[in-house]
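Biologist: Hi! Could you walk me through this one? I'm new to reading structures, so plain words would help.

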Amino acid sequence: MKGWSQSDQLLARYSFCNMAKYISNREIVKLFREIVAAYEAKGENRFKIIAYENAATGVEHATSELKDLWDDGLLDTVPGLGKTIRGHLDELFKFGKVRHFERVKKALPKGMFSLLDVGGLGPKSAYKLAKELNLNNLRDLQKAAKMGKIRNIPGFGPKSESDILTAIDELKGKSSRYLLTEAFPVAQRVLKYLRGHSDCERAEPLGSLRRMLSTVGDIDIAVASKKPKEIIAHFKNFKEIKRILDAGDRKSSVLLQNGMQVDLIVQPTKAFGALLVHFTGSKAHNISLREYAIKKGMSVSDYGIKVKGKLKEFVTEEDFYKFLGLDYIVPELREDSGEIEAAYRPASGKSNGLPKVVNHKDIRGDIHLHSNYPIEPSHDLGTASFEQIIKKAKELNYEYIGFSDHSPGYSTHTNKQIIDLILKRKKKIEYLKSKYRGFGILNLLEIDILTNAKLSVPQEALKLLDGAIAGIHSSHRQGKNMITKRLLLAIDSPYVKVISHPTGRLLNQRESYEADWPEIFDA
DNA sequence: GCCGTTTTCGGCCCGACTGTTTTCAGTCG
Ligand SMILES: Nc1nc2c(ncn2[C@H]2C[C@H](O)[C@@H](COP(=O)(O)OP(=O)(O)OP(=O)(O)O)O2)c(=O)[nH]1
Ligand SMILES: [Mg+2]
Ligand SMILES: [Mg+2]
Ligand SMILES: [Zn+2]
């Protein structure tokens, strides 16, 4: 403990029970956002608040657990974490607590933080309500609203009181983020509806949906029209709407019956380019773009680009970026991860060069395919037959596919049964290989790396395959060492050619597990 | 509190919508 102050030592002893606990990025993001709220409530310097918000965003986007980065002395590779905040994290990982954060939060009613989940309630309102009415949680807030106590607080009235009650009710049916594949068909329905209006010239899905993030918080749509008010009025009549959150002359937000939020902005075609950029985001990309423009003496907004107070409008995104001296940036890259620097094109000469993104035509095959072949798998039998999959693959212009059904349930089959099933399946696949000569077909199988690190299929059966794909489908929470060991043992098998879903993440359901990736890649 | 290919100091995006506030703060995108 050399070099630690006495209070550090006391704190270390005090929080000893917390030390073994792994503090995840998710928890750190939550902590930073609480500091943001606390600082906002007490009127702290706004740029300091933004710094904490940026730190939270940086951690949210980090591809490694901060704890691991901290172990390796790499915290400074995460954007938004400067000297001060890294110091706080140091304390957090050593002692499980940050004294400065504790002090900041202690000065405020602790009930205020849970109120922030209510739509429309920000830090200022949450603070005021929690303090004036002694609220500890959402239930307290609901009770106070029902008793008509909120309308008497300065700054609130009958409308905001009933809005709070509605918003609390809506918390239940709401999930925080949706899978891209869940949101996509909903967006298509809204788009179809909007395009049905005669004044709608274009309707485009934007935001995280257009950037193709794996999960989206809401559905953002822009419409090009000369008559924004008419479009907004039409939008408000969409039959799937549960409640209109707000609606002005050019913008509206609604809540659908399924709990999803849809945000709409309308703007004439002649200025649609700037709106496309703005509403595609990301927020961080927009801010970076605007700061870059400021340095060039320009001001960017969703209306266009102002030069010396005069607004220049753009029909297309290409022209918008070009005017700023940038190459076109595809939506998938607009995450403020260096794309603006990469797109920068000096007056004469070439840009630094944006990375090329993978397009559909670049995908030559797929080797992770679960068919409906009756192999009696432990889980997730597919829905399409071998032949249906081949047909689809050919439609997609694939050159090859690999059938990788899950292996027969390990606990429900003997070794002999497993071998027989795989032999029978092999014969069927061999037949297909000869039938579809010239099209690559691989006889693969997705096997389980069992809890004890053994494989779910015996060697005699693995021999019959063109290769095995091994994945962890159970005991995801064993810890970094054991997970690493399981993966390394699987890789050791000469029959295992691929490790599937290597982080075990299930979007919106299960966090990734940690493993010693450098060691695994070495193997 | 963070950050840097004109800066290690002095900047930090910009605008819409709402309720209750007589002139705008809070929240959100
Ligand atoms: N300039 C600027 N643009 C913003 C801001 N907030 C949001 N936007 C823009 C960029 C966003 O991608 C777009 C849509 O906002 P959303 O809150 O729906 O974010 P986004 O769709 O990116 O992510 P999401 O999956 O919905 O959480 O609006 C902001 O504070 N400033
Ligand atoms: Mg969105
Ligand atoms: Mg949105
Ligand atoms: Zn799997």
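**A walk around the model**

Modeller: Happy to! Let's start with DNA strand B, where a phosphate oxygen is 3.0 Å from a polar backbone atom of Ala 247. Keep in mind that this is a predicted model.

Biologist: Which other residues have a polar atom by a phosphate oxygen of DNA strand B?

Modeller: Asp 249 is one of them, with a polar backbone atom 2.8 Å from a phosphate oxygen of the strand. Ser 160 is another, but there an N or O atom in the side chain is involved, 3.0 Å from a phosphate oxygen.

Biologist: How many residues surround DNA strand B, and which are the closest?

Modeller: There are 47 residues around the strand, and the closest are Ser 125, Gly 157, Arg 290, Glu 291 and Tyr 303. Looking from the DNA side, sugar and phosphate make up 75% of the strand B atoms that come within 4 Å of the protein.

Biologist: Which helix gives the largest share of that surface?

Modeller: That would be H14, with six residues.

Biologist: And how does the surface near DNA strand B divide by class?

Modeller: You'll find 17 nonpolar, 15 polar and 15 charged residues there.

Biologist: OK, new topic. What surrounds ligand 1?

Modeller: A shell of 16 residues, and the closest are Arg 177, Ser 208, Gly 217, Asp 218 and Asp 220. By class, the shell has two nonpolar, eight polar and six charged residues.

Biologist: Where in the chain do those shell residues come from?

Modeller: Three helices each supply at least two of them: H11 (207-210), H13 (272-280) and H14 (283-295). In terms of domains, domain 3 (178-267) and domain 4 (272-348) each give at least three residues to the shell.

Biologist: What polar contacts does ligand 1 have with Arg 177, Gly 217 and Asn 286?

Modeller: An oxygen atom of ligand 1 sits 2.8 Å from an N or O atom in the side chain of Arg 177. For Gly 217, a polar backbone atom is 2.8 Å from an oxygen atom of the ligand. With Asn 286, a nitrogen atom of ligand 1 is 3.1 Å from an N or O atom in the side chain. As for cover, the protein hides 71% of the 590 Å² of accessible area that ligand 1 has on its own.

Biologist: Asp 218 and Asp 220 caught my eye. Which metal ion do they both coordinate?

Modeller: The magnesium ion called ligand 2, whose protein donors are Asp 218 (OD) and Asp 220 (OD), at 2.0 to 2.1 Å. Asp 218 also coordinates a second magnesium ion, ligand 3, and the two ions are 3.5 Å apart.

Biologist: Are those two aspartates buried or exposed?

Modeller: Asp 218 counts as buried because its relative accessibility is 17%, under the 20% cut-off. Asp 220 is buried too, at 8%.

Biologist: What coordinates the zinc ion, ligand 4?

Modeller: Its donors are Glu 446 (OE), His 473 (NE2) and His 501 (NE2), at 2.1 to 2.2 Å. Along the sequence they are spaced E-x26-H-x27-H. His 473 is in the loop between strand S14 (467-471) and helix H20 (480-492), while His 501 is in the loop between strand S15 (496-499) and helix H21 (517-522), so the pair ties together parts that are 28 residues apart in sequence.

Biologist: How accessible are the two histidines, His 473 and His 501?

Modeller: Both count as partly exposed: His 473 has 22% relative accessibility, and His 501 has 33%.

Biologist: Zooming out, what domains does chain A have?

Modeller: The assignment gives domain 1 (6-106), domain 2 (111-172), domain 3 (178-267), domain 4 (272-348) and domain 5 (360-522). The C-alpha centres of domain 2 and domain 3 are 28 Å apart.

Biologist: One last thing. How far is Lys 124 from Ala 41 in space?

Modeller: Their C-alpha atoms are separated by 4.9 Å, although they are 83 residues apart along the chain. Now take Asp 405 and Lys 322: they are also 83 residues apart in sequence, yet 48 Å apart in space, C-alpha to C-alpha.

Biologist: And where do Lys 124 and Asp 405 sit?

Modeller: Lys 124 is in helix H7 (residues 123-133) and counts as exposed, at 53% relative accessibility. Asp 405 is in the loop between strand S12 (400-403) and helix H18 (415-435), and Asp 405 is buried, with a relative accessible area of 2%.

Key. Residues are numbered from 1 along each chain as its sequence is written. Chains are lettered from A and ligands numbered from 1 in the order in which they are written. This is a predicted model: local features need pLDDT of at least 70, side-chain atom pairs count only at pLDDT 80 or more; totals for chains, interfaces and linings use all residues. Side-chain values use heavy atoms; hydrogens and water are left out. A residue is near a molecule or strand if one of its heavy atoms lies within 4 Å of it. A polar contact is a pair of N or O atoms within 3.5 Å; within protein, one must be able to donate a hydrogen and the other to accept it, and residues adjacent in sequence count only if both atoms are side-chain atoms. Accessible areas come from the Shrake-Rupley method with a 1.4 Å probe; for residues, only the protein chains shown count as cover. Helices (H or I, at least four residues) and strands (E, at least two) are DSSP runs, numbered from the N terminus. Ala, Val, Leu, Ile, Met, Phe, Trp, Tyr, Cys and Pro count as nonpolar, Asp, Glu, Lys and Arg as charged, and the others, Gly among them, as polar. Domain bounds come from an automatic or database domain assignment. Donors are N, O and S atoms within 2.8 Å of the metal (3.2 Å for Na, K and Ca); water is not among the atoms, so sites may look incomplete. Buried means under 20% relative accessible area, exposed over 50%, partly exposed in between (1.4 Å probe, protein chains only).
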